[in-house]
Structure formats: structure tokens, C-alpha cells
Amino acid sequence: MALADARAICPELASRPADLVQEAAALNALRRWAGRYAPMVARDGSDGLIADITGVPHLFGGEDALREDLHARLDRAGLAAQSGIAESRGAAHALARHGGGILPEGALAKGLAHLPVTALRIDDGTAQALVRMGLRRIGDLAGQPRAPLARRFGPGLVLRLDQALGLQPEPVSPEGEPPHFGVRMSLPEPIGLQDDVMAALTRLLERLSAKLAAQRRGARRLRLELQRVDRETATVEIGLARPMRDPGRIAALFARGVDEIEAGFGIEALRLVAHVTEAMAPEQIGGPQGGPSPEDALADLFSRIGNRLGFDRVLRLLPAHSSIPERSFLVAPAAYSTAQGAPPRQGPERPLVLFPPEPALTHGMTRPGQPPASFRWRRMAFTTLRATGPERIAPEWWFDDPNWRTGLRDYWRVETAQGPRLWLFHTPQAPGWQVQGEFA
Amino acid sequence: MPPETARPASPRPAPADPFTLRPARVHEAEGRGKRAFALFQAARHPGPVIWILPGHLPELPMLRGLPEGVGPRLHLLRPGSEVDLLWSAEEALRSPAPGLVIAEPEKELSLTAGRRLQLAAEGGRTTGLMLIREGQGSNAAETRWRCDPQAAQGRDSTPQAWQLIKNKSGTCQDWCVNWNGATAAFHMVSEACERHKPAQAAP
């Protein structure tokens with residue numbers, strides 16, 4: 001039904017856009033909770049759960065008691081739910097969506113007979129065709145000869161019917177839990193000394209790195225939560241320049257954070273979570289001389305520096321496809337990029353050092369098409385000795401850069417009599433000279 | 001004479017080459033051409049190069065203009081304050097990973113700071129080069145260089161005046177060198193020659 005039709009029928013209808021991601025997350029949470037009733041629980045469509053409770057009901061005092069317990073708990077949580085218990089998965093699905101209840105053993109065919117054929121998990125086209133033929137209920141369908149049904153509606157309908165009636169097995173396949181990289185430790189006596197915290201952390205890290213190694217993951221960010229006696233929680237978080245699971249090297253990074261926390265009356269529990277992990281294949285550790293390998297040593301250095309300065313201040317230059325000098329390279333965080341080969345040195349020379357354009361004062365003494373004979377820049381006077389150029393660079397029209405609003409630029413390499421070799425450009429469309437770089 | 005400090009990975013100081021920085025020590029460079037000198041040294045040191053420049057500085061090395069092979073090895077650190085800059089320089093020197101650590105402190109290096117950097121360099125066996133402002137170096141530096149680009153007489157010449165103005169284990173000297181910023185190769189301009197004569201290759 002379209003929303004306009006629904007509004008016409010019920011003017012005071014309140015509508016909200018569906019948030020499918022949140023709904024799926026909520027259903028997943030419910031699935032984990034439902035693990036209390038059965039070892040094998042799976043999501044069934046976008047709005048249902050299916051649990052294989054074989055051998056379980058007597059623990060709750062029978063199927064009735066189990067279902068009552070389930071409904072009571074869901075009611076308390078404010079959730080309206082329908083449930084059905086039956087011998088086969090198809091029958092339970094049909095029952096839960098059409099009134100709910102419990103079908104005792106051996107009463108499948110009788111219990112399902114009065115349900116409409118749409119309860120069989122068949123597509124709408126098949127259901128409509130069945131209704132057009134007068135087969136409205138599952139009971140009508142079950143009495144029909146199988147061969148004509150299969151020939152007319154395909155094997156899907158017969159399979160669903162057999163699954164509902166328990167003639168075809170249909171197991172419940174529970175979803176695997178995503179691995180959780182967290183470890184905790186409770187202490188019999190509160191601790192307060194830094195050495196004690198580090199010792200506890202070392203033990204936690206050993207367990208965590210075993211977990212990570214089993215899943216072939218490496219931690220990228222770690223959080224240490226220290227629960228104090230007065231119910232306060234202190235948190236230390238560190239980042240790593242590359243995925244890592246070496247307890248000793250990670251512990252060294254925590255030392256600074258642990259040094260700063262306030263222990264109060266003591267710490268009674270620690271929890272360590274690697275909340276950001278990345279795939280990390282087993283690799284050779286150690287360098288040629290027994291120490292850490294050069295890459296590891298550099299990654300350790302960047303981790304130490306990144307945790308104090310921030311990882312956005314540990315940078316690396318990457319080539320980019322642009323002839324605009326400022327955009328001919330990217331300055332990217334070193335922890336989240338890999339080094340790339342430098343672009344080949346071809347074409348006109350480029351300066352060693354680049355900076356935002358700074359005006360060169362020429363006092364109007366310029367000849368057209370020639371760099372100024374003398375100019376002032378950064379309060380210093382320069383005389384042009386020799387100039388190489390011009391190299392014309394046009395702005396990228398598909399990219400509106402405010403610095404390039406002045407239009408074309410004619411770049412010159414200007415050797416000054418004072419020594420410095422500068423990269424000057426002239427903007428013919430807005431006459432003026434600017435200095436943008438310095439050569440060797 | 002302190003014990004032999006050369007790492008196996010670092011180039012052995014060739015007696016004919018006066019621009020080899022003594023390994024595992026901190027050196028200083030000043031003058032207008034200090035960045036060119038630093039990149040010249042970066043091209044001559046194998047392994048990762050770490051360049052620490054203050055976060056507010058507008059100047060950045062341009063990837064396409066860097067000497068051959070330096071671009072992929074170059075890492076920039078841009079600390080926000082002078083204390084962070086010195087701290088990260090010390091950390092980088094203390095680590096054995098980098099081949100050369102270049103830092104640009106903005107204030108005068110105190111004797112304590114200079115000595116700490118020197119100890120860190122000895123600990124990590126890493127060479128450091130501080131690009132200081134004129135006369136703001138520390139007494140602990142192993143060598144200090146004054147680097148100035150010179151006006152060229154010929155078209156394809158890029159002369160640099162590199163003066164060794166402080167040397168803890170040797171004498172001071174001046175050189176005029178042709179270095180064009182493309183590779184680690186350089187041409188020594190003969191001292192006896194007049195400037196207008198063509199530059200000669202170093203022996």
C-alpha cells in the first residue's frame with residue numbers, strides 16, 4: 001500500500017522512515033540473547049528468529065513453560081512478539097506468523113491444515129496462482145497429488161510443503177559470533193603502583209595476542225580500562241602505526257598513558273580491548289642482527305611519536321596526478337599509507353622546497369614577457385642574474401581552487417645575483433609576480 | 001678519539017670526501033642553503049629519512065624536486081610546539097630505524113637540549129642534522145656548516161658555498177661545490193681556480 005493511500009484511510013497516521021541497519025542490529029542483539037533458550041539460534045528473515053530447542057524444553061519445565069517464560073521476558077523488555085513451537089522449521093515459521101502456539105508431536109498435518117498457503121514461504125506469484133485454483137489452505141494443498149503440483153509450480157512449492165510437514169529435513173544453522181578481542185582481569189586486592197599495573201597489563205597482553213594470533217589479526221588501536229575501587233573508570237587508549245600483536249612492544253606504548261592515570265584508592269579490575277584490528281598474516285619477526293627488523297623499528301618509532309603528537313602529524317609524501325605544483329603530491333599520514341615510488345624527474349626542473357605563493361615586489365619595473373630585473377621578497381632585495389622559462393601551467397578548470405582564481409601562471413626559474421635560485425611565476429591575467437619555491 | 005661508531009649500514013667515511021657526516025652524532029647547518037644541504041645529506045644516507053619541521057611552517061619539500069631516491073624514504077613529522085619537536089627529534093635519534101634525522105628547531109638550542117640529542121644519537125646509532133637559525137646552535141654539535149647558495153657564472157652551474165665553521169674532531173674549511181639537487185653526486189669547484197673557469201670534478 002502506498003503511503004498516500006494509507007493516509008487517505010487513516011488521516012492521523014504517523015510514519016517514520018525505516019532504519020534497516022538499526023533493525024538488523026537490534027535483531028542480532030535479540031539473537032544473542034535468545035541463546036539462553038537454545039544452543040542454535042539463527043535469524044529468520046528480517047523480522048524473525050529461529051531456535052532449535054531439541055532437548056531443551058525440560059530444563060524450563062516443558063514447552064508451555066518455555067514459551068511463557070520467553071513471552072514474559074520479552075514483555076518486560078517492552079517487545080511484542082509472536083512465537084510458535086513445532087516439529088519442523090517450516091511449521092514453526094508458519095505458526096509463529098499466523099497466531100502462534102504449540103503443535104504437539106505428530107500433529108503437524110492437522111495443525112497446519114487450516115493455515116493459508118502464504119504461510120509456506122512461497123513467492124507471491126505462486127500463492128496467487130494457488131488461490132486462483134481454489135487451493136487456499138495448506139490442508140487443501142497437502143491432499144493434492146505431488147507430480148502435477150511440481151510440474152505446474154516447480155519443485156520449490158513441493159519442497160516448502162515437505163519442509164513444513166517434516167518430510168524434508170531443514171536444519172537451523174546458527175551464525176558464528178564475530179571474534180571479540182577483549183580480555184579482562186579482576187584482582188583480589190586493589191593495586192595502585194605503576195609497576196603492578198604494567199605487570200597486569202603484560203599478562204593481559206599475552207592473552208590478547210594469543211587471541212589475535214589465533215584469528216591472524218593485528219591490533220591497530222587498543223583501549224585499557226582500569227576500574228577503580230570507587231567505581232570510576234580510567235581509560236588509556238593507544239594507536240599503532242601498523243597492525244601488531246607483539247606484547248612487549250605494545251606494553252612499551254602504554255607506559256606513558258599508565259603513568260598519567262590516577263589510581264585513587266586502587267584499581268580492582270582491568271579490561272583490555274583491541275577495538276580496531278586489521279588482518280595480519282604470520283611473518284618473520286626480528287631483523288638480521290637479532291633486534292627488531294627495520295620496518296618494525298620504524299613502525300615502533302611512528303607509534304611512539306603518533307601517540308604523543310597525533311598520527312596526522314606523522315606524514316609521508318605520495319605522488320599525485322596533477323600538473324598544479326601544490327597538488328602534484330599528497331601529504332598523507334604515514335601510518336595509513338604505503339610508500340610509493342617517486343615520479344620520474346622529467347620536464348622542467350622543480351624546486352626542492354615549495355611554499356604558498358608570496359608576492360615579489362617589483363615596483364612596476366617589469367618588461368612584458370620577462371621576469372623583473374630586480375624585486376623584493378621577504379624584505380630582501382634581489383637582482384635577477386639569469387632566468388629560465390617560462391613554463392605555462394593552466395589551472396584545472398574542473399576543480400575550483402581559490403588560489404588559482406588569478407588564472408594562468410608562467411613559471412620562471414630565476415637565479416639571483418645574491419645566490420638563491422627562486423621559482424617565480426607571473427599571472428598574465430592579473431599582472432603580478434609571486435615567489436613559490438626555492439631550488440638547490 | 002671516541003670508539004669507532006660507524007654502523008655497517010652507513011657509508012664508510014671516505015677520506016677524500018669532506019661532506020660525510022660522522023655517524024651517530026648530531027650536526028648542525030645554518031644559512032640560506034641549509035635545506036639543500038640537508039637533502040644532499042639525505043641522498044647520501046641509506047634508509048628512512050625523517051624530517052621534523054614545525055607544524056606551522058608553510059614550506060614543504062616538493063616531491064618531484066627532491067634528489068633521486070629520497071622521495072619514498074622521506075617521512076615528515078610536523079609537531080605543534082618546540083618541546084614536541086625536540087622530543088620527537090630525540091625519539092627519532094634514539095631509534096635505530098632512520099638513516100638520517102633532520103630537524104628544524106626554531107629557538108636557540110640550549111646546551112642541555114644539544115647534549116640530550118647527542119646522547120640519543122649515540123644510543124640509537126643514528127645521524128642527526130639540525131637546521132638551525134644563524135648563531136642559534138648548541139655547543140654540543142659535532143660539526144656546524146654554513147651553507148649559502150652562490151650566484152652562478154655559467155648557465156648549468158649551481159654553486160653552493162659550504163663552510164665548515166665548527167668541527168670537534170678536525171679542522172674547519174670552506175668549499176665551493178656544484179650540486180644541482182638531482183642526485184647525490186657533486187662537483188667540487190677547485191679552490192685555486194678563478195670563478196669564471198669551468199668547474200672541475202672532484203678526484
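**Notebook: chains A and B**

I began with the S6/S8 pair: strand S6 (residues 217-228) and strand S8 (residues 267-279) of chain A run antiparallel to each other and share ten bridges. Before going on, a reminder to myself that this is a predicted model. I picked out one position along the pair and found Leu226(A) opposite Leu270(A) in S8(A).

**Rest of the sheet**

Next I wanted the strand order. I read it as S5-S8-S6-S7 in chain A, four strands in an open sheet with antiparallel pairing. Which strands stand at the edges? They are strand S5 (182-191) and strand S7 (233-244) of chain A; each has a single partner strand, so one side of each has no neighbour in the sheet. I also checked the twist: neighbouring strands are turned by 15° against each other on average, ignoring direction.

**Helices on the sheet**

I looked at what lies across these strands. Helix H11 (residues 194-215) of chain A lies across S5, S6 and S8 of chain A, and its angle to S8(A) is about 35°. Helix H12 (residues 247-260) of chain A lies across S6 and S7 of chain A, and runs at about 145° to S7(A).

**Domains of chain A**

I pulled up the domain assignment for chain A: domain 1 is 27-165, domain 2 is 182-284 + 291-308, and domain 3 is 353-438. How far apart are the C-alpha centres of domain 1 and domain 3 of chain A? I get 79 Å.

**His71(A)**

I took His71(A) as a probe residue; I find it in helix H4 (residues 63-76) of chain A. It has 16 C-beta neighbours inside 10 Å, so I log His71(A) as partly exposed. Setting aside neighbours within four places in sequence, I see His71(A) in contact with Ala81(A) and Ser83(A). I also took the C-alpha distance from His71(A) to Pro357(A): 71 Å, with their positions 286 residues apart in sequence.

**H5 against H10**

I then turned to a helix pair in chain A. The axes of helix H5 (residues 89-97) and helix H10 (residues 155-165) come within 5 Å, crossing at roughly 90°. I therefore put H5(A) and H10(A) down as roughly perpendicular. From H5(A) I noted Arg89(A), Gly90(A), Ala91(A) and Ala94(A) in the contact, and from H10(A) Arg160(A), Gln163(A) and Ala164(A). Sorted by class, this contact of H5(A) with H10(A) has three nonpolar, two polar and two charged residues.

**H9**

Is helix H9 (residues 146-153) of chain A largely buried or in the open? I found that zero of its eight residues are buried, so H9(A) lies largely in the open. Gly154(A) follows H9(A), and I noted its positive phi, near 85°.

**Chain A against chain B**

Last, the interface. I found 44 residues of chain A and 42 residues of chain B in the contact. On the chain B side, the elements giving two or more residues are helix H1 (34-44), strand S3 (60-61), strand S4 (74-77), helix H2 (82-94) and strand S7 (143-149). I sorted that side by class and got 22 nonpolar, ten polar and ten charged residues.

I followed S3(B) across to chain A, where two bridges join it to strand S11 (residues 353-359) of chain A, running antiparallel. One bridge I wrote down takes Val353(A) to its partner Pro61(B) in S3(B).

Conventions. Residues numbered from 1 in each chain as written. Chains lettered and ligands numbered in written order. Predicted model: local features only at pLDDT ≥ 70, side-chain atom pairs only at ≥ 80, totals over all residues. Contact = placed C-beta atoms within 7 Å. Nonpolar A, V, L, I, M, F, W, Y, C, P; charged D, E, K, R; others polar. Pairing = 2+ DSSP bridges. Domains from an automatic or database assignment. Axes fitted to C-alpha atoms, helices over the stretch in contact; angles between N-to-C directions. Buried ≥ 20, exposed ≤ 12 C-beta atoms within 10 Å, placed from the backbone. Parallel < 35°, antiparallel > 145°, perpendicular 65-115°, else oblique.
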